[in-house]
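Hi everyone, thanks for making time this morning. I'd like to walk you through one structure, strand by strand and then a little beyond. Please have a look at the sequence and the model first.

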Amino acid sequence: MTEVSELALPVFNFDNTFARTLEPFFVSWKAAEAQSPRLLQFNQELANELGLDAGALNTEAGAAIFSGNEVPTGSTPLAQVYAGHQFGGFSPQLGDGRALLLGEVIDSNGRRRDIQLKGSGKTPFSRGGDGKAALGPVLREYLIGEAMHALGIPTTRALAAVTTGEEIYRETVLPGAVLTRVASSHIRVGTFQYFAARQDTKNVKTLADYCIERHYPQLKDNDNPYLAFFDAVADVQSALVAKWMGVGFIHGVMNTDNMTISGETIDYGPCAFMDAYSPKTVFSSIDTHGRYAFGNQPSILVWNLARLAETLIPLIDPDTDQSVNILTERVSAIPSTHESYWLSEMAKKLGIQTATREDDALIKDFLTLLNDDSVDFSLAFRTLSGILRKNKKEAEDLYKNTSAFDEWVNRWTRRLKKNEDSPEQIADAIDQINPIYIPRNHMVEAALAAAVDATDMTLFSKLLSAITKPYDEVADASDYSLPAPKSDVPYQTFCGT
């Protein structure tokens with residue numbers, strides 16, 4: 001058998017600005033040796049988007065790269081350092097404890113993208129952990145990231161998942177795996193906090209300059225580029241959380257080290273999608289006080305951005321008091337910014353073309369109906385189109401209090417008469433914003449269990465196929481649109497570390 005080292009490794013054409021520019025922000029490192037890597041899942045569509053040779057990577061040589069056993073030419077593997085508030089408590093040093101940035105590529109659309117291994121072994125930031133990942137969490141991140149991308153929500157994505165041939169010790173013995181993750185960058189609010197906590201204003205400025213150049217180059221000539229940078233991050237994060245809320249997504253661990261400067265969703269640990277709507281929904285086993293409950297995500301957004309603002313105080317104005325006043329004003333405006341994005345997002349889900357403040361009551365009254373009757377969030381919105389097509393029963397059957405629902409429907413249909421489009425056109429638009437398929441928790445668990453316990457990827461592949469086409473009915477996929485069976489045991493998710 002040919003040794004992997006004798007094979008020609010695929011070309012990545014790396015251009016690694018992070019490694020060239022930000023030396024104090026990382027430690028060069030090498031992945032741990034994987035015993036017998038096997039490529040389990042490969043994202044050919046993403047590989048093509050990145051300008052990579054998918055045929056060359058979907059091979060034994062690709063498995064060697066995606067496990068960390070082989071370092072492709074031009075790669076500079078490194079572990080990034082950052083800090084972060086975790087459940088409100090500050091950790092002055094975190095960092096990539098089980099991840100390595102291989103490098104950056106310019107994709108087919110001219111965008112710079114990170115390629116990172118996750119689960120590739122210990123680094124100097126592992127804090128006593130083994131730096132490895134188990135197969136279940138790797139496949140969960142693959143699934144959820146691809147679902148979010150298909151839903152049009154900014155997100156990191158999975159390029160590949162490999163098994164390592166090793167046993168990973170958690171509560172039980174599990175198969176080891178490595179995820180290859182792609183992001184606009186892996187720079188977080190916590191990256192800024194690391195240097196600000198050390199009163200290292202020089203490196204905070206270096207990092208801000210790098211982020212502006214990489215993510216917001218239009219701000220370079222602004223009169224106050226660092227204030228404009230904060231505004232830009234606040235804006236993309238506000239829009240991101242509004243999109244989460246629109247699909248019933250709960251991140252589960254909105255620590256500042258899990259909030260990217262680019263505005264992409266990152267770190268799919270104890271995340272999940274709601275079935276029955278309740279703003280108090282918490283799935284994470286470690287979120288015992290509901291800090292990151294569904295309805296708390298907008299307030300945590302503001303809290304996290306306030307932590308970013310604190311790191312930028314020395315850069316905004318030479319007068320510290322003036323800088324604090326300016327940033328306080330900007331932070332105070334974030335709830336309104338998020339609310340505007342939320343209103344627009346939710347109005348579109350109801351088929352309202354141009355949202356106004358008068359629509360706020362209509363939206364909130366609908367959510368109250370869902371909460372009162374424990375109605376499935378996704379189905380409640382998806383079935384609205386049937387009403388416009390003169391098929392009200394599917395929607396009405398979701399509610400216990402049908403008279404209250406009928407009253408709301410009358411208000412809603414009167415509001416839609418202000419649209420220029422016909423009811424059929426509005427129904428079609430509703431179907432293209434409200435998914436029929438999401439990664440329903442019971443289906444995710446079934447797919448992961450089959451993959452981990454029986455090395456059977458059939459359920460995983462079927463689920464992936466459905467959730468990456470979220471708006472259009474797929475043949476033989478009706479089960480994926482149904483809520484979980486009723487259970488007396490609340491669903492819980494786990495961090496996956």
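Let me start with a term: two strands count as paired if DSSP finds at least two bridges between them. Strands themselves are DSSP runs of E with at least two residues, helices are runs of H or I with at least four, and both are numbered from the N terminus.

A word on where this comes from. The model is predicted, so local features need pLDDT of at least 70 and side-chain atom pairs count only at pLDDT 80 or more, while totals for chains, interfaces and linings use all residues. Residues are numbered from 1 along each chain as its sequence is written, and side-chain values use heavy atoms, with hydrogens and water left out.

Let's begin with β6 and β7. Strand β6 covers residues 99–106 and β7 covers residues 112–118, and the two pair antiparallel over seven bridges. Which residue in β7 is the bridge partner of E104? That is D114. Along the same pair of strands, I106 stands opposite R112. The hairpin they make has five residues between the strands, and there G110 takes a positive phi near 80 degrees.

Are these strands buried or exposed? Here buried means under 20% relative accessible area, exposed means over 50%, and partly exposed is in between, using a 1.4 Å probe and protein chains only. In β6, seven of the eight residues are buried. In β7 six of the seven are buried, so the strand is largely enclosed by the rest of the structure.

From β7 we can step across to β10. Five bridges join β7 to β10, and the two run antiparallel; K118 stands opposite L179 there. Strand β10, residues 173–183, also pairs with β9 in the antiparallel sense, over nine bridges. A158 has R181 in β10 as its bridge partner. Three residues sit between β9 and β10 in their hairpin.

Strand β9 spans residues 157–169, and ten of its 13 residues are buried. β9 also pairs with β2, antiparallel over four bridges, and R38 stands opposite T163 in β9. Staying in β2, which is residues 38–42, we find L40. L40 is buried, with a relative accessible area of 17%. Its C-alpha atom is 9.6 Å from that of L139, although the two residues are 99 apart along the chain.

Now for a helix. α8 runs through residues 225–247, and at 1.5 Å a residue its 23 residues should span 33 Å, which agrees with the 33 Å between its end C-alpha atoms. That expected span is 1.5 Å times one less than the number of residues. Because 19 of its 23 residues are buried, α8 is largely enclosed by the rest of the structure. After α8 comes G248, with a positive phi near 75 degrees.

Further on, N258 is in the loop between β11 (249–250) and β12 (272–273). What does the side chain of N258 reach? It reaches the backbone oxygen of V253 at 2.9 Å. N258 counts as buried, at 8% relative accessibility.

To sum up the strands, β7 pairs antiparallel with β6 and with β10, β10 pairs with β9, and β9 pairs with β2. Thanks for listening, and I'm happy to take questions.

Technical notes:
Polar contact = N/O pair within 3.5 Å; in protein donor to acceptor, adjacent residues only side chain to side chain.
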